[in-house]
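Visitor: I am new to this structure and would like a close look at one part of it. Please show it to me first.

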Amino acid sequence: MPQITFNVNNNPVSIDAENDDELLYLLRDRLGITGPKYGCGVGVCGACTIFKDGELVRPCIVPMEEVEGASLTTIEGLAVDDILHPVQEAWINEDVAQCGFCQAGQILTAVKLLESNPNPNEDDIDEAMSDNICRCGTYHRIRKAIKHAAALIQQTT
Amino acid sequence: MTKSNHAEQIETITSSQKHDQSDSDDEHIVETENTGRRKFIGYMLKGSSFAVALHITGGALRPQDANAQLLGIPELADELDLTDLLLISGDPFYYDYLIKITSDNRVRFELPRMEVGQGILTAAMMILAEELDVEMSSIDATLSPAEIRRATGQITGGSHAITSLWDPLRKVAAALLLKIKLSAAVHFGLSVNEISTENGFAIDNDGSRIAYSELTAGVEGRNDAARLAQPKDPSQYKIIGTQQKRVDARDIVTGKLDFAMDLDVVPDAMPTLVARPPSLGGRVITFDDSEAIGLPGVLAIKEVPLDVDANSSGVAVVARSFGEAFRARDALNISWSVGAAENLSDAEVIEQLRAINLPTLPNIPLATDSVGGEFIFPYLAHAPMETMTAVADATGSKVRVWTGAKTPLAAQAKIARDLGVLPTDVELNVIQSGGSFGRRLFFDAAVEGARISQIVNRPIKLMFTRQDDTKFGRARPLSLHNVKATYTRGFLIGKKVLSFDHRAATAELDLEHGFGDGITALGGELAPAAFSQTIWHSTQLVQYKFGVTSLLLNEKKFVVPTSSWRGIYSGTAAVANEIVVDELARAMNKDEYQFRLQMLDDDRSKAVLRKVSQEGNWGRSMEKGRAQGLGLHKEYKSRAAVLVELQTFKDPEKESKVTKIVVALDVNRVLNPTGLEAQVIGAATDAITYMIRTSLHLDNGAIRESSYGDFEIARMRNTPPDIEVHFMPPNGETPGGAGELVVPAAAAAIANAFARATGIAPRRFPLRDFYPEG
Ligand code: FES
Ligand code: FES
């Protein structure tokens, strides 16, 4: 049986790849990593967003073969030793979440935005975040939290 | 471990009179912790504990008074609104809470409401912390499973959650605190007046402290004195009215908050999908699973009846992962019968609604003029981020379900009927969910899940795919509204408004979910057949001095399954009214703001209107193509005013953009400003979604849209950075509702801004589809 091997949140995983599942279902249903959520299954909502080798991907449309040898980070792996990432801190401080279902994807997308642009303006935020849906309408607080996180990151560096 | 959490909670209640748990029970609980339901940690450990459940019946209005008022009042909502109806019917049951002080001096609390992101759990904990003199962080709160004894007191809908918790929860908590103080008085040998309380400790006049958990003498059994306990005076509040972040914020940002599909409550519950018919109401004629059954991970494939439309059927696929279930589902060969409404499309629904709509009053020739017209609001998906989901196990003697249900008792009853068991044999656990917007008033996945589990004889995790939820899920009903305001032409005296008529004809709104049970429990006089009339009349009103007003509803059932959408009828009807108010102002050569102020029949509404006008700088000059717009709404004992600024484009490729939102709210008293602000902004975002951007379409018996790709709800770029929310100061009344309040006001403000910017009278929505060049 073909096996694939990869790393998720710093843990090595080796699992049979007989069923060509998309990565999302492999993570959620077979590895029990449930932070990435199913919102649409077709790559249009962003609820499932994770990092694959430092890039954002939507695992609902990533075939599992593509992760052979890759290193994945899900929302569960963002805080290191229980120390929250500044974006997570900012999300708590601005009380962003309503139902919370979209927020793993929002947070990881914001992390990526701030990595490439430490000081985004409103247009940059629009551009980077508009592919992630929040049905509860937390966009206004996401904006505030991104700016808050940018300030936190600048303080620490 | 065979017992469920639910069974343990029941046991906890019945055993609350004993305060000595055996060691084996201690071990038992430790096992519970290990199953992953971390929220249940920390109760019923060794030592003392006590629970409180007071039954205090009777409210300001008794049912017979209510019925007397129901008859013959055209604008019922002014006198007795849906909030009152829910309070009257739920009142006898609202005083039943499980509140326990555990041996480690924490408070365990079970909320008989549903958390879907609206922050009700946080707000309830604030009330409890305030009245019990404990810290928020020492409360462990969970959602109550369906409990038959709660009868009409376990429903989350109609924006009445805070209002219905306010008096009961404060009184029950105050009673518990009095019990604690009485016990402390015995302990210290003092009178109760000499005892103070703080952060979970009772303190005597020398400053000696004892933890609540150490106090048992006198706290058990009847203690009628406790009924006399008075909740705190608002001047003493330390928590209520302050900004409190969501209690689960950290779990959310670290991915730890579990939704139904993340639970590991039944270890062998397997992912399940259903192949659904291509049109609404379709059925399986035959199916061939030979190419699917042998695929990796596939565990079972069976034909199943579908819940949303009981006449239709589909094929359920159970597999090791949802990905495997998708693959097997797609490999099925199914021949379908088409649904009964094969040729039905939006245009036909509109024609049929037009035919049943009641006429508005005619003009008096020469003497009067009128404004208004026909408004059409399309079918609209609720599209909560988490689709309908349920974990179901119907293999044992008890049917067990974990799901997000706002009407859990109705869900429990329906599952029992469907499976042929007693409601007491259905354990329905309420799980925090990813949004509702009205969708989770129904429990389609729970009923379908229990049924499928029984048919395949295994525990399952049923998930509606996004496509299922969009195409076969429920929708806000399509509705048609004839609104007409008549005024004198005013040759001699000034123009005067004579009448305001609203005639709505809507696709039938399904209210079977037990929202109805609560209200029909008033004594049966409100016949279920008239139930939608009751909801209409208890929610719709005109808050202006417009002479003779009459608001009437007629409904007709079509194939599309429906459910209330945030705002129920107000999200459409009240919006149409506010658009006509603007048109009336202009017809009478008045400024839209001044006209409202002059005609309003409600001082609280005037105050919020003034507030948005000041804060939003009403009347400021704007570039061509841009305009401000106003909208008001009065419901749930609350008032809202919204001012928006809108930019429109002549270019059909570009949609109108809301560039600023100013909201003023009067909810009598704000419990948690940050939570309320989130609700307000969410509601305004909803208005952008359905007024400007998107809708469903019925095409030959099927819904055309399938996902967020074509049902295009508002995204970051469609919402403005500039949003202000203002709250009016507390006025001493019971807090009003607010979860839906801002939807109609914001929607109306958008439409009114659009009309002022373009000169187009908005009649159909979403605007970008019907007025692409506006
Ligand atoms: S679930 Fe992956 S993008 Fe929506
Ligand atoms: S917080 Fe509910 S979908 Fe974003």
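Visitor: Which domains does the domain assignment of chain B give? Please start there, and then look closely at the place where chain B touches chain A.

Guide: The model is a predicted one. For chain B, the domain assignment lists domain 1 (5–74), domain 2 (93–253), domain 3 (260–340 + 388–463) and domain 4 (475–770). Taken over C-alpha atoms, the centres of domain 2 and domain 4 of chain B are 37 Å apart.

Now to the interface. On one side 62 residues of chain B take part, and they are in contact with 53 residues of chain A. Between them the two chains bury about 4,900 Å², and carbon and sulfur atoms give 56% of that area. Within chain B, the residues that lose the most area to chain A are B:Val253, B:Met385 and B:Met716, which together account for 18% of what that side buries.

Charged and polar pairs also cross this interface. Side chains of opposite charge can pair when their charged atoms come close. Between chain B and chain A the rule finds six salt bridges. One of them joins the side chains of B:Asp262 and A:Arg28, at 2.7 Å from N to O. Residue pairs in polar contact between the two chains number 27, counting pairs with both residues at pLDDT 80 or more. On the chain B side, at least two residues each come from helix H8 (249–253), helix H9 (322–330), helix H13 (466–471) and helix H19 (673–693). H19(B) gives the largest share of that side, eight residues. Sorted by class, the side of chain B that touches chain A holds 27 nonpolar, 20 polar and 15 charged residues.

The partner, chain A, has its own division. Its domain assignment gives domain 1 (3–77) and domain 2 (86–156), with C-alpha centres that lie 22 Å apart. The contact between these domains takes 17 residues from domain 1 and twelve residues from domain 2. The area buried between domain 1 and domain 2 of chain A is about 1,100 Å², with 64% from carbon and sulfur atoms. On the domain 1 side, A:Phe51, A:Leu56 and A:Ile75 supply 40% of the buried area, more than any other three residues.

Between these two domains of chain A the rule finds one salt bridge. The side chains of A:Glu55 and A:Lys112 meet in a salt bridge, 3.5 Å from N to O. A:Lys112 belongs to helix H3 (residues 103–116) of chain A and A:Glu55 to strand E4 (residues 55–57) of chain A, so this pair ties together parts that are 57 residues apart in sequence. A:Glu55 has 47% relative accessibility and therefore counts as partly exposed.

Back in chain B, other salt bridges lie within the chain. B:Asp133 and B:Lys232 form one, with the closest N and O atoms 2.6 Å apart. B:Asp133 sits in the loop between helix H6 (120–132) and strand E3 (139–143), and B:Lys232 in the loop between strand E6 (209–211) and H8, so the pair ties together parts of chain B that are 99 residues apart in sequence. Both B:Asp133 and B:Lys232 are buried.

Another pair in chain B is B:Glu615 with B:Lys611, whose closest N and O atoms are 3.2 Å apart. Both residues lie in helix H18 (residues 603–615) of chain B, four residues apart, about one turn of the helix. B:Glu615 is partly exposed, at a relative accessible area of 32%, and B:Lys611 is partly exposed at 24%. Elsewhere, salt bridges that share partners join B:Glu578, B:Asp582, B:Arg586, B:Glu592, B:Arg596 and B:Arg756 into one network. Over all chains, a search of the whole structure finds 53 salt bridges.

One helix of chain B remains. Seven of the nine residues of helix H15 (residues 531–539) are buried, so this helix is largely enclosed by the rest of the structure. Among the buried residues are B:Phe531, B:Ile535 and B:Trp536. B:Thr539 lies in the same helix, H15 of chain B, and is buried with a relative accessible area of 2%. A polar atom of the B:Thr539 side chain lies 2.8 Å from the backbone oxygen of B:Ile535.

Methods: Residues numbered from 1 in each chain as written. Chains lettered and ligands numbered in written order. Predicted model: local features only at pLDDT ≥ 70, side-chain atom pairs only at ≥ 80, totals over all residues. Heavy atoms only, no water. Contact = heavy atoms within 4.5 Å. Buried area = accessible area lost by both parts, 1.4 Å probe. Salt bridge = Lys/Arg side-chain N within 4 Å of Asp/Glu carboxyl O. Polar contact = N/O pair within 3.5 Å; in protein donor to acceptor, adjacent residues only side chain to side chain. Nonpolar A, V, L, I, M, F, W, Y, C, P; charged D, E, K, R; others polar. Domains from an automatic or database assignment. Buried < 20%, exposed > 50% of the residue type's maximum accessible area, 1.4 Å probe, protein only.
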